[in-house]
Amino acid sequence: MPALAIVFAVFVVGFEQLVESHFGVLGVLGLAFLTVGWHAKNVTCSCVGAAVLTMLFVQ
């Protein structure tokens, strides 16, 4: 079980670095809003994060 947690943590950190290098700080902020909203079951926070990420993908 600890090995799975370490692999998952490495994947998450790698994905975050990929988003930050491609979309900058705003991409990390949108990803954070989306993740926090998903875990807290807060629709508004999730929608804000999804909207930020969508705007970054569209441009």
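A residue counts as buried when its relative accessible area is under 20%, as exposed when that value is over 50%, and as partly exposed in between. The model discussed here is a predicted one. Of the 59 residues in its protein chain, 17% count as buried. The accessible surface of the chain amounts to about 4,600 Å², and carbon and sulfur atoms account for 79% of that surface.

The overall layout comes next. The secondary structure of the chain consists of two helices and zero strands. Helix 1 covers residues 2-40, and helix 2 covers residues 43-58. Taken along the principal axes, the box filled by the C-alpha atoms is roughly 35 × 30 × 15 Å.

On the surface there is a nonpolar patch of about 520 Å², made by Phe-8, Phe-11, Val-12, Phe-15 and Leu-18. One of these residues, Phe-11, lies in helix 1. Its relative accessible area is 55%, so Phe-11 is classed as exposed, the cut-off being over 50%. Phe-15, another member of the patch, has a relative accessibility of 39% and therefore counts as partly exposed.

How many aromatic pairs does a search of the whole structure find? The search finds two. In one of them, the ring centres of Phe-11 and Phe-15 are 6.5 Å apart and the ring planes stand at 20°. Planes under 30 degrees apart count as stacked, so this pair is stacked. Both residues belong to helix 1, where they are four residues apart, or about one turn of the helix. The two residues of this stacked pair also contribute to the nonpolar patch described above.

The rings of Phe-23 and Phe-57 have their centres 4.9 Å apart, with their planes at 75°. Because planes over 60 degrees apart count as edge-to-face, that is the class of this pair. Where in the chain do Phe-23 and Phe-57 lie? Phe-23 is in helix 1 and Phe-57 is in helix 2, with their positions 34 residues apart in the numbering, so to speak, and the pair links distant parts of the chain.

The accessibility of these two residues can be read in the same way. Phe-23 has a relative accessibility of 21%, and because buried means under 20%, Phe-23 counts as partly exposed. Phe-57 has a relative accessible area of 59% and is therefore exposed.

Technical notes. Residues numbered from 1 in each chain as written. Predicted model: local features only at pLDDT ≥ 70, side-chain atom pairs only at ≥ 80, totals over all residues. Heavy atoms only, no water. Patch = residues over 30% accessible without salt bridge, like charges linked within 9 Å, V, L, I, M, F, W, Y side chains within 5 Å. Areas by Shrake-Rupley, 256 points an atom, 1.4 Å probe, with all protein chains shown as cover. Salt bridge = Lys/Arg side-chain N within 4 Å of Asp/Glu carboxyl O. Buried < 20%, exposed > 50% of the residue type's maximum accessible area, 1.4 Å probe, protein only. Phe/Tyr/Trp six-rings, centres within 6.5 Å; stacked < 30°, edge-to-face > 60°.
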